[in-house]
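Me: I'd like to learn how to read the empty spaces in a model like this one. Can you walk me through it, feature by feature?

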Amino acid sequence: MEKNINGDHHPKPHAVLIPYPLQGHVIPAVHLAVKLASRGFTITFVNTLSVHHNIIESQPKSPNDNNNDDDIFAKLRNQSGLDIRYATIGDGFPLGFDRSLNLTQFWEGIRHVFSAHVDELVGNMVNNSSDPVPLNCLIADTFFVWPSMIAKKYNLVNISFWTEPALVLTLYYHVKLLIKNGHHGSSHENRKDTINYIPGVNAIEPKDLMSYLQATDTATPEHQIIYKAFEEVRSADFIIINTVEELEYETISALKEKQPTYSIGPIFPTGFTKSLVATNLWSESDCTKWLDAKSHGSVLYVSFGSYAHASKRDIEEIAYGLLLSGVSFIWVLRPDIVSSDEPDFLPVGYEDRIKGKGLILTWCNQIGVISHPAIGGFVTHCGWNSILESVWCGLPLLTYPLLTDQFTNRKLVVDDWKIGINLVDYHQNITRDEVAEKINRLMSGKSSDELRKKVKEVRKTLENALDTAGSSETNLNQFINGVKFQIQNKTTRRL
């Protein structure tokens with residue numbers, strides 16, 4: 001038990017935290033775990049066996065390492081003393097199953113089978129009478145379809161963790177309004193006119209909706225997950241969002257009218273340095289020496305994230321465009337960027353042609369690379385983590401959205417905040433000449449100067465939010481107090 005500022009006793013918060021089994025969701029969840037543990041929470045962090053296996057396999061092996069392969073938080077816990085435990089559960093598929101190549105099957109498993117594994121884990125934790133800090137909270141990624149069932153069954157505070165912008169959350173939250181008005185799920189063709197009836201959203205074009213809301217086939221497992229998850233979130237006791245209130249004030253204000261919602265971002269590792277907790281699913285390459293030899297702001301960083309796929313044609317045109325631009329670059333290219341069964345996607349002899357000028361990596365520590373002074377711009381798929389990190393590093397963006405929230409994130413970056421430019425216009429084919437021209441606009445000249453000025457302004461907003469009296473810090477404190485109050489109520493009712 002602990003005392004709050006009024007001298008009342010509250011049970012210590014102990015949350016089981018379960019991220020969605022994708023790289024872009026695991027990373028902010030790890031940082032959230034550390035942030036909450038540093039505020040007095042006990043956290044039990046849960047990865048799937050597949051995610052855990054990939055993280056461990058990606059780590060460099062040393063004969064001097066203590067064998068902590070079963071606990072990615074061991075090093076952090078030993079140094080900080082934070083009470084973060086670690087557990088793994090199956091996702092319904094064997095380790096050798098190619099989830100990237102068989103996404104439809106994988107999402108069906110996550111939708112129908114995964115909850116049974118969560119139920120078993122949580123039930124065992126609740127019934128563990130020897131734990132001095134009983135489990136009393138569930139923090140689950142908003143995309144899961146089972147949180148209310150688990151939270152209700154075990155009398156846990158139900159906290160929904162949203163890893164994307166509030167704009168994306170509120171569009172999904174009001175998907176029934178989009179269906180009612182014919183902008184999504186139409187039996188014929190979705191309406192193409194401006195959407196101006198979503199609470200907290202002034203206006204948005206259909207082309208800026210998430211890809212799943214633009215799709216005409218809504219019978220997919222992904223759509224069924226979305227529909228169920230955004231019914232589920234309405235039962236949450238709290239929603240926490242990895243965003244900044246000042247950047248999305250109207251949207252967040254409208255959400256707050258529905259249920260308790262707290263923007264607590266940006267959720268970064270302490271000091272914006274490499275985390276002691278391993279989160280990468282691929283082995284990292286160290287390109288520090290290569291960058292050290294480059295002049296300030298001269299290198300373009302290119303990465304299309306951990307999940308979405310691009311066409312072979314687009315990759316080839318971007319490759320030639322990089323070459324034509326004359327700009328030095330680091331390009332992170334996953335082996336499955338086109339498909340798991342199509343590993344040869346670059347033009348023949350390309351890596352020989354770019355020697356000294358370009359560097360192609362399978363994966364890297366993104367924060368470490370983009371915070372290097374030699375990096376001057378970022379070509380991005382518009383993943384939310386990448387956007388927040390690039391803003392923190394003062395980098396203008398060249399946007400190339402591929403899937404899901406990335407199209408809506410692009411709107412925020414280019415249209416609303418004016419910190420980036422589109423790599424290609426909507427639904428136009430990419431050409432190498434346009435790629436080269438856009439790269440040069442991003443990296444130098446008047447357009448580049450204007451973008452950098454805007455990025456500095458947004459960076460300042462992020463900094464202010466994380467100050468002691470800033471919005472994110474204030475919201476985090478209010479959220480924690482609310483959670484403790486809810487725990488007390490549930491504990492009293494249980495007794």
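Reply: Sure, and keep in mind that this is a predicted model. Let's begin with a lining: the residues around the largest cavity divide into six nonpolar, three polar and two charged.

Me: Which residues line the largest cavity?

Reply: The lining consists of Ala140, Asp141, Thr142, Phe144, Pro147, Asn158, Ser160, Ala229, Glu232, Val233 and Ala236. At least two of the lining residues come from each of β6 (137-141), β7 (157-162) and α10 (221-232).

Me: How do people find such a space, and how many cavities of 30 Å³ or more does the structure hold?

Reply: The general idea is that rolling a probe the size of a water molecule over the atoms shows where empty space is left. Here there are three cavities of 30 Å³ or more. The largest cavity holds about 60 Å³ of space, and the second largest has a volume of about 50 Å³.

Me: Where does the second largest cavity lie with respect to domain 1 and domain 2?

Reply: Check who supplies the lining. Domain 1 (14-271 + 467-493) and domain 2 (287-443) both contribute residues, so the second largest cavity lies between them. Its lining is made up of Ile27, Pro28, His31, Asn242, Ile267, Phe268, Asn385, Leu388 and Glu389. α1 (23-37) and α16 (384-392) supply at least two residues each. By class, that gives five nonpolar, three polar and one charged.

Me: And how do I read the contact between the two domains?

Reply: Count the residues on both sides: 33 residues of domain 1 are in contact with 26 of domain 2. The domain centres, taken over C-alpha atoms, are 27 Å apart.

Me: What about an open space, say the second largest pocket: which residues lie nearest its centre?

Reply: Asn54, Arg99, Ser100, Leu281 and Trp282 do, out of 25 lining residues. The space in this pocket comes to about 550 Å³. Two elements, α2 (49-58) and α4 (103-112), give two or more residues to the lining, and α2 gives the most, with four. Domain 1 and domain 2 each provide at least three lining residues. Sorted by class, the lining has 11 nonpolar, nine polar and five charged residues.

Me: One last thing: in what order do the strands of the open sheet run?

Reply: Seven strands, paired in parallel, follow the order β5-β4-β3-β6-β7-β8-β9. β5 (84-89) and β9 (261-263) each have a single partner strand, so one side of each is left without a neighbour in the sheet. On average, neighbouring strands are turned by 20 degrees against each other, direction ignored.

Conventions. Residues numbered from 1 in each chain as written. Predicted model: local features only at pLDDT ≥ 70, side-chain atom pairs only at ≥ 80, totals over all residues. Heavy atoms only, no water. Pairing = 2+ DSSP bridges. Axes fitted to C-alpha atoms, helices over the stretch in contact; angles between N-to-C directions. 1 Å grid on protein atoms, 1.4 Å probe; cavity = no way out; pocket = protein on both sides within 12 Å on 5 of 7 lines; lining within 4 Å. Points joined across faces, edges and corners; volume = space filled by probe spheres on them. Nonpolar A, V, L, I, M, F, W, Y, C, P; charged D, E, K, R; others polar. Domains from an automatic or database assignment. Contact = heavy atoms within 4.5 Å.
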